[in-house]
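Open the model in your viewer and keep the selection panel at hand. The stops below run from a hairpin to a helix, a loop and a cavity.

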Amino acid sequence: MTGAWLGFVTASASDRRKCSQGNSHPRGPGQDLMPVLVLRALPASLRLSWRLPGCTSWGGTESRGISHLAGAMRLVQFQTGSDGPRIGLEEKDGGNVIDLNAFDPSLPKRMREFLEVGDAALAVARRAKESSQHILPRDQVTLLAPITNPGKVICVGLNYADHCREQNINIPEEPIIFSKFPSSIIGPYDEIIHPADSQEVDWEVELAFVIGKKGKHIKESAAMDHIVGFMVAHDVTARDWQMKRNGKQWILGKSFDTFCPLGPAIVTKDCVSDPHMLGIRCKVNGELVQDSNTNQMIFKTQALVAWVSRFITVYPGDVFLTGTPPGTGVFRKPPVFLKRGDVVQCEIDQLGALRNKVV
């Protein structure tokens, strides 16, 4: 395995991680994973910048700020009253919304179709931002999930080194890919429905990214050309259905209705300082339950695009969920699960926060 172009190299054999076997990996009975090479981050001084000219940092890796940069765009789907979805730009996290469909009525009104237009649509969005026209007060809009009809929701299991250590299992040798049905998607502040069929509903905060350009057999060095931006995701999971039912196949436990809150916006990639150096946290009823950094990701963004596109074509609007850090309820002693009335907040530096009540 070769190091990724963004500044990650393979560790030597003497540095291989060795963990004892756990029970949450989707493998057959008696199958264990061999210790494998782990990607290490280069010193910060050697990492390539993700900022384009005109973009500046949010204050370094310790910053918990949101995208207030002049060049940053926060793409949203929203509605006013009972009308259908529209495309907009948040002026800032939690701020007013620029109505892109009012600025240019020829633009599609759903994010997937907007992204299919490509760079021309993003250019219109930049002009709309510069114009300071068609601004709607925040209290007049309801944010939807930034994308509600992706062709695919592609997920990655066991992709945080600290999450593997939490379970005493081996670092995966290659990405573990599964999916959620797109019908599970809800908005950043919508309610999560606790299904009567599960007694073990759990939380998982995740970094998500969205494909902006079609591709197949994409090289790691070209992967960022196919990504439009990043957002926060909550991979709500029914552990009983993931780990005990349905032949221990994950998809049902991951795909109950409302089990995929997304948002609050797609923050365009050009002004995310480094997606692999972001604080990532989850709180339940105000209590911090997950607190890590995306630098713990085993397979980084470019590696995931390259791996998945070996098998399937990725299209504009496809969503990738990149895995969760430690602190989920199922691995607590004793285990803790969500109940009706709980409020879950998932947040990532520079991207924003989801806040969803369980009902």
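Which residue of β17 stands opposite Gly-279? Select both strands to find out. The partner is Asn-293. Bear in mind throughout that this is a predicted model.

**Stop 1: the hairpin**

Stay with residues 279–284, strand β16, and residues 287–293, strand β17. The two strands pair in the antiparallel sense, over six bridges. Together β16 and β17 form a hairpin, with two residues between them. Click on Asn-285 in the turn: its phi is positive, about 55°.

**Stop 2: helix α3**

Now select residues 119–131, helix α3. Put a distance between its end C-alpha atoms, and the value is 18 Å. Why is that the span to expect? The helix has 13 residues, and at 1.5 Å a residue they should span 18 Å, so the two figures agree.

Next, colour by accessibility. Which residues of α3 are buried? They are Ala-121, Leu-122, Val-124, Ala-125 and Ala-128. Look down the axis of α3: these buried residues fall within an arc of 155°, so they line one face of the helix. The general rule behind such a pattern is that an α-helix has 3.6 residues a turn, so residues three or four places apart point the same way.

Turn to the other side of α3. Asp-119 and Glu-130 are exposed there.

What do the buried residues of α3 pack against? Show the strands β3 (74–79), β4 (86–90), β5 (97–99) and β13 (227–234). Add the helices α1 (100–103) and α2 (111–117) to complete the set. Before leaving, step to Ser-132, which follows α3 and has a positive phi, near 60°.

**Stop 3: Ala-72**

Select Ala-72, in the loop between β2 (39–41) and β3. Is Ala-72 buried or exposed? Its relative accessibility is 6%, so Ala-72 counts as buried, the cut-off being under 20%. Now add Val-272. This residue is 200 residues away from Ala-72 along the chain, yet their C-alpha atoms are separated by 8.1 Å.

**Stop 4: the cavity**

How many cavities of 30 Å³ or more are there? The count is one. The largest cavity holds about 150 Å³ of space. Its lining has 19 residues, and the closest to its centre are His-163, Glu-204, Arg-239, Gln-242 and Trp-250.

Finish with the elements around the largest cavity. β8 (153–157), α4 (161–167) and α5 (239–243) each supply at least two residues of its lining. Of the elements, α5 gives the most, with three residues.

How values were computed:
Residues numbered from 1 in each chain as written. Predicted model: local features only at pLDDT ≥ 70, side-chain atom pairs only at ≥ 80, totals over all residues. Heavy atoms only, no water. Helix = DSSP H or I, 4+ residues; strand = E, 2+ residues; numbered from the N terminus. Expected span 1.5 Å × (residues − 1). Buried < 20%, exposed > 50% of the residue type's maximum accessible area, 1.4 Å probe, protein only. Arc of directions from axis to C-beta. Contact = heavy atoms within 4.5 Å. Pairing = 2+ DSSP bridges. 1 Å grid on protein atoms, 1.4 Å probe; cavity = no way out; pocket = protein on both sides within 12 Å on 5 of 7 lines; lining within 4 Å. Points joined across faces, edges and corners; volume = space filled by probe spheres on them.
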